[in-house]
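Subject: A structure for you to explore

Hi there,

Here is the structure I promised to pass on. Have a look at it first, and then read my notes below.

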Amino acid sequence: MDQGLTPTVEPVSKLIQELNKLPGIGPKSAQRLAYHLLRVPEEQARLLAEALLSVKQNTTLCSVCCNVTDSDLCSICRNDRRDRGRICVVEQPQDILALEHTGVYKGLYHVLHGAISPTEGVGSEDIRIRELMERLRDGSVNEVILATNPTLEGEQTAMYLNKLVSPLGIRVTRLARGLPFGTELEYADDVTLTSAIEGRQEF
Ligand SMILES: [Zn+2]
């Protein structure tokens, strides 16, 4: 336990420990959250615990695009009004939320669940590239938009995918450079993201 934190009883320190494992939650925040949860009515704590378990037990990945879904196909893949000739490739499911929020993109998606990162030991076979290539086999897709993050890992992944996809005669585009380098898609604002989609360039 970090210095300066109040000594706590075991159930509380256990909760602090678990909260501290979440992204963006340091020891201080974990402690604050744990003591907050200690004060909420039992019913509210139960709802939170159930929601946590439910997200693990009642969700799966879409069998086509690997987005998070509660049925075999996600709502986007099921939607007949989406343009089936376009696939926008993103790193994480929450990137879809950001792009959908802009309302400008009407095609389908593919979620990689990561990016190639040799420094972190993530290779091309560790993310959902094989599933993407499978989708491109029947020739119905005419554009692949690479919407990986403008980070080192995202760029490496985009370059790798371009090498695989362009020989198939499919147009490969990349989100426009309006996105500042190092930012993650899910945190980009609508205006920036909209101009990035509309101004996408040939890879
Ligand atoms: Zn899907």
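Let me start with a puzzle: why does the sulfur of C66 form no bond with the closest cysteine sulfur? Please keep in mind that this is a predicted model. The closest cysteine sulfur belongs to C65, and at 6.6 Å from the sulfur of C66 it is too far away for a bond. To count as a disulfide, the two sulfur atoms would have to be within 2.5 Å. In fact, the structure holds 0 disulfides.

C66 is worth a second look for its backbone too. Its phi is near 70°, a positive value, and the residue is not a glycine. You will find C66 in the loop between strand 1 (60–61) and strand 2 (68–69). Its relative accessibility is 3%, so C66 counts as buried, since the cut-off for buried is under 20%.

Now for the zinc ion. Which residues hold its protein donors? They are C62, C65, C74 and C77, each through its SG atom, and these atoms lie 2.2 to 2.4 Å from the zinc ion. Along the sequence, the donor residues follow the spacing C-x2-C-x8-C-x2-C. The angles that the 4 donor atoms subtend around the zinc ion run from 103 to 117°, and therefore the arrangement is tetrahedral. For that label, all angles must lie between 85 and 135 degrees. As for how covered these donor residues are, C62 and C65 are both buried. C74 is buried as well, with a relative accessible area of 2%.

Another residue to click on is H113. Like any residue you inspect, it has a phi angle, and here that angle is positive, about 60°, although H113 is not a glycine. H113 sits in the loop between strand 4 (107–111) and helix 6 (129–135). Is H113 buried or partly exposed? With a relative accessible area of 26%, H113 is partly exposed.

Finally, take a look at two helices. The axes of helix 5 (residues 93–102) and helix 8 (residues 190–198) come within 9 Å and cross at roughly 85°. The two helices are therefore roughly perpendicular to each other. On the helix 5 side, the contact is made by A98, L99, H101 and T102, and on the helix 8 side by D190, L193, T194 and I197.

Enjoy exploring, and write back with any questions!

Best wishes

Methods
Residues are numbered from 1 along each chain as its sequence is written. This is a predicted model: local features need pLDDT of at least 70, side-chain atom pairs count only at pLDDT 80 or more; totals for chains, interfaces and linings use all residues. Side-chain values use heavy atoms; hydrogens and water are left out. Donors are N, O and S atoms within 2.8 Å of the metal (3.2 Å for Na, K and Ca); water is not among the atoms, so sites may look incomplete. Four donors count as tetrahedral if all angles lie between 85 and 135 degrees; four count as square planar and six as octahedral if opposite donors are over 155 degrees apart and all others between 65 and 115; anything else is irregular. Buried means under 20% relative accessible area, exposed over 50%, partly exposed in between (1.4 Å probe, protein chains only). Axes are lines fitted to C-alpha atoms, for helices over the stretch in contact, and angles run from 0 to 180 degrees between N-to-C directions. Helices (H or I, at least four residues) and strands (E, at least two) are DSSP runs, numbered from the N terminus. Angles under 35 degrees count as roughly parallel, over 145 as roughly antiparallel, 65 to 115 as roughly perpendicular and the rest as oblique. Contact means heavy atoms within 4.5 Å.
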